[in-house]
Amino acid sequence: MGVKIDPLKCTACMACELACGYHRDDAFALLSSCIVVYRTRDKKDYFGVILKEEEDLVIARPEGLEVKRIGAVEEGGGGGDASAKPMLLREACDLCEDRDDGPLCKQICPVDAIYLD
């Protein structure tokens with residue numbers, strides 16, 4: 001079971017990212033969050049969400065949900081996007097195992113874009 005994101009419901013409000021950082025550090029520390037909302041400069045109004053799990057990166061984009069194995073070499077030898085490196089240094093999602101109510105990001109998402117699968 002893990003956290004999944006419906007990219008078509010997500011509005012990139014960053015509530016999940018703030019909640020995760022707050023849960024981990026008792027402060028709004030975005031760098032400690034294991035879920036990150038990102039935007040691109042190439043496309044207007046384009047965003048996605050990346051979640052770090054123990055062995056995978058779950059990437060939710062408008063095109064759909066993608067799961068990439070951490071450390072897997074990309075076909076063609078690209079080795080991945082350099083912008084993903086800060087994500088790899090973060091702790092993996094533990095589903096807020098110390099909370100009785102489950103993941104805080106799921107609870108706080110205003111559009112129910114986050115669910116457990």
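**A guided tour from Leu57 to the salt bridges**

Begin by selecting Leu57, which is buried, with a relative accessible area of 11%. Please note that the model on the screen is predicted. Leu57 belongs to strand β4, residues 56–61. Show its surroundings next: beyond its neighbours within four places in sequence, Leu57 is in contact with several residues, including Ile50, Val67, Ile70, Met87 and Leu88. Then select Ala92 as well; it stands 35 residues from Leu57 in sequence, and their C-alpha atoms are 9.3 Å apart in space.

Move now to Lys4, in strand β1 (residues 3–5). Is Lys4 buried or exposed? Its relative accessibility is 14%, so Lys4 counts as buried. Among the residues it touches, leaving out those up to four places away in sequence, are Glu53, Val58, Leu65 and Tyr115.

Side chains of opposite charge can pair when their charged atoms come close. Keep Lys4 selected and add Glu53: the two form a salt bridge, with the closest N and O atoms 3.8 Å apart. Because Lys4 lies in strand β1 and Glu53 in the loop between β3 and β4, the pair ties together parts that are 49 residues apart in sequence. Glu53 also counts as buried, at 15% relative accessibility.

The whole structure holds 5 salt bridges. For another one, select Arg69 and Glu55, whose side chains meet at 2.6 Å, N to O. Arg69 lies in strand β5 and Glu55 in the loop between β3 and β4, so this pair joins parts 14 residues apart in sequence. Finally, add Asp56 to the selection: Glu55, Asp56 and Arg69 are linked in a network of salt bridges.

Key
Residues numbered from 1 in each chain as written. Predicted model: local features only at pLDDT ≥ 70, side-chain atom pairs only at ≥ 80, totals over all residues. Heavy atoms only, no water. Helix = DSSP H or I, 4+ residues; strand = E, 2+ residues; numbered from the N terminus. Buried < 20%, exposed > 50% of the residue type's maximum accessible area, 1.4 Å probe, protein only. Contact = heavy atoms within 4.5 Å. Salt bridge = Lys/Arg side-chain N within 4 Å of Asp/Glu carboxyl O.
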